[in-house]
Amino acid sequence: MSGRMKQRRALNPVDLATLSVNERILRECHNLYVDPENGLVKVACNVGLNLLAPRKKIIIMLIGNHSAGKSTFINWYIEEHVQKTGVAIETQGFTIVTSGRKRESLTGNATLHLFPYLKPLQDISGDIADLTFVFFDPIGQALCKRTIDLVEKLNTRHGDRLRFYLSKADEAGDESDRQKVMMQIVQELCKRPGLNKCGFDMPTIYIPLSNKYIRCVNQIDVVCKDIEKTINRTIQNMLNTLEKDCEHVAELINARIEEDNKAKAYNFDASSRVILLGLVGLLLPFLLFVNFVVSSFSKEFFYSFLGQNGTESLYICLSPVRGFWQVIPSDYHFTALGIILFISIMFLLLARWFTRLKPTMNRKDRRNLLEKRDYVQNIVKDKKHHLYQEYLEQSITEQDL
């Protein structure tokens, strides 16, 4: 393996020291695809396969009516005050949160993209989100039709990614009041054909405060577990996809090499036919011409040039041609000559036809392709197995803890 095939874009020591295991796995998988020299995307493109590099982060979209607690949840989750909170009817625009500390209580922590959605329905599709959290708050539930319209739109394409929560449950009064609020929201959802599902679940959540005692059951850990599960599922899917892509790329390279081998074998056979047909096409008129010259002079004439042995050898080689020509009556010599010339031309045309060779790779391109295959099969797949082992070791350790 040449020095050019060494893995590039390796994580720097700072990243290795600061990133969590899951974050590092996501980032290293991404780098294996986008490396400018040996990345899977570039290698696959060389063999006619289009691959998309996986994202380094998972994306979670938060939607809900105004003052549903989206920004408050983000500030609580990342443990940084990056989102302004308030009771304004609408904040125009998207907010993309990509940095900040993760909750240390999460075993599956990884950097997230969090999108608190606050814009009109037609501006969002939700195609890029791994999860979509829908927050219904008990205070503004009367205004939640707009949110439900958006939920119905998302449910038609990404219903498996939707999660529903009753936010600010601690402000809903007693248990009876919370049940009434939830029933009203569920009834509104069930009016929509696409949202009328069995086993509908809507945990109650609120931001825990250490100095405040609240009797309401807080299921905010369900939200964290959903994020954790999504992170773990994303990592597993990414690693599995990485191995499948490696195998697919290697198969395509092998097919390209096999195709090149067949093309070279065909060209060799074609070249052999060209030589054979060309010799036959040129040899027939040449032998007739030599026989005509020899017949025009006596043996003694050739003795002075070729000697006795050379002259006898010449006559022996031409004996089949001389015998064939003598068998043909003299009146048909021109006809026979025309037929022989026609046959020679046909052989030469066939030889020209077989000169159409198939394109093949040069040695440099073939060597580079083989190096890419070895890199994918050995370096990338080995890296995948190493990352998967780290992921499993982390999971086992967390379970033990």
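**Surface, core and rings in a predicted model**

Visitor: Is Ile339 buried, partly exposed or exposed in this predicted model?
Guide: The relative accessibility of Ile339, a residue of helix H9, is 47%. Since buried means under 20% and exposed means over 50%, this value falls in between, and because of that 47% Ile339 counts as partly exposed.

Visitor: Which helix gives the most to the nonpolar surface patch?
Guide: The patch covers about 630 Å² and is made by Leu284, Ile339, Phe342, Ile343, Ile345, Met346 and Leu349. Ile339 belongs to helix H9, and with 6 residues in the patch the element that gives the most, spanning residues 333-353, is helix H9.

Visitor: Turning to the interior, which helix supplies the largest share of the largest nonpolar core?
Guide: This core holds 45 residues, and those touching the most other members are Leu40, Phe73, Phe133, Phe135, Ile227, Leu242 and Val249. At least two core residues come from each of several elements, including helix H3 (40-46), strand S3 (131-136), helix H7 (220-295) and helix H10 (363-400). The largest share, 13 residues, comes from H7.

Visitor: Which residues does Val249 touch, leaving aside those up to four places away in sequence?
Guide: Val249 is among the members of the largest core that touch the most others. With residues up to four places away in sequence left out, the partners of Val249 are Leu40, Val43, Ala44, Leu49, Leu51 and Val376.

Visitor: How is the ring pair of Phe135 and Tyr165 classed, stacked or edge-to-face?
Guide: A pair of aromatic rings is described by the distance of the centres and the angle of the planes. Phe135, in strand S3, and Tyr165, in strand S4 (residues 162-166), are 30 residues apart in sequence, so their pair ties together separate parts of the sequence. Each of the two residues has 1% relative accessibility and is buried. Their ring centres are 6.1 Å apart and, because the planes stand at 85 degrees, the pair is edge-to-face.

Visitor: And which class, stacked or edge-to-face, fits Phe136 and Phe164?
Guide: Phe136 lies in strand S3 and Phe164 in strand S4, 28 residues apart, so that the pair links distant parts of the chain, and both residues are buried. Planes under 30 degrees apart count as stacked; with ring centres 6.2 Å apart and planes at 15 degrees, the pair is therefore stacked.

Visitor: What percentage of the residues of the protein count as buried?
Guide: The protein has 10 helices and 4 strands, and its accessible surface comes to about 23300 Å², of which 57% belongs to carbon and sulfur atoms. Of its 401 residues, the part that counts as buried is 41%.

Notes:
Residues are numbered from 1 along each chain as its sequence is written. This is a predicted model: local features need pLDDT of at least 70, side-chain atom pairs count only at pLDDT 80 or more; totals for chains, interfaces and linings use all residues. Side-chain values use heavy atoms; hydrogens and water are left out. A nonpolar core is a set of buried Ala, Val, Leu, Ile, Met, Phe, Trp, Tyr and Cys residues joined through side-chain atoms within 4.5 Å. Buried means under 20% relative accessible area, exposed over 50%, partly exposed in between (1.4 Å probe, protein chains only). Contact means heavy atoms within 4.5 Å. Patches are made of residues with over 30% relative accessible area and no salt bridge: like charges are joined within 9 Å, nonpolar side chains (Val, Leu, Ile, Met, Phe, Trp, Tyr) within 5 Å. Accessible areas come from the Shrake-Rupley method with a 1.4 Å probe; for residues, only the protein chains shown count as cover. A salt bridge is a side-chain nitrogen of Lys or Arg within 4 Å of a carboxyl oxygen of Asp or Glu. Rings of Phe, Tyr and Trp (its six-membered ring) pair if their centres lie within 6.5 Å; planes under 30 degrees apart count as stacked, over 60 as edge-to-face and the rest as tilted.
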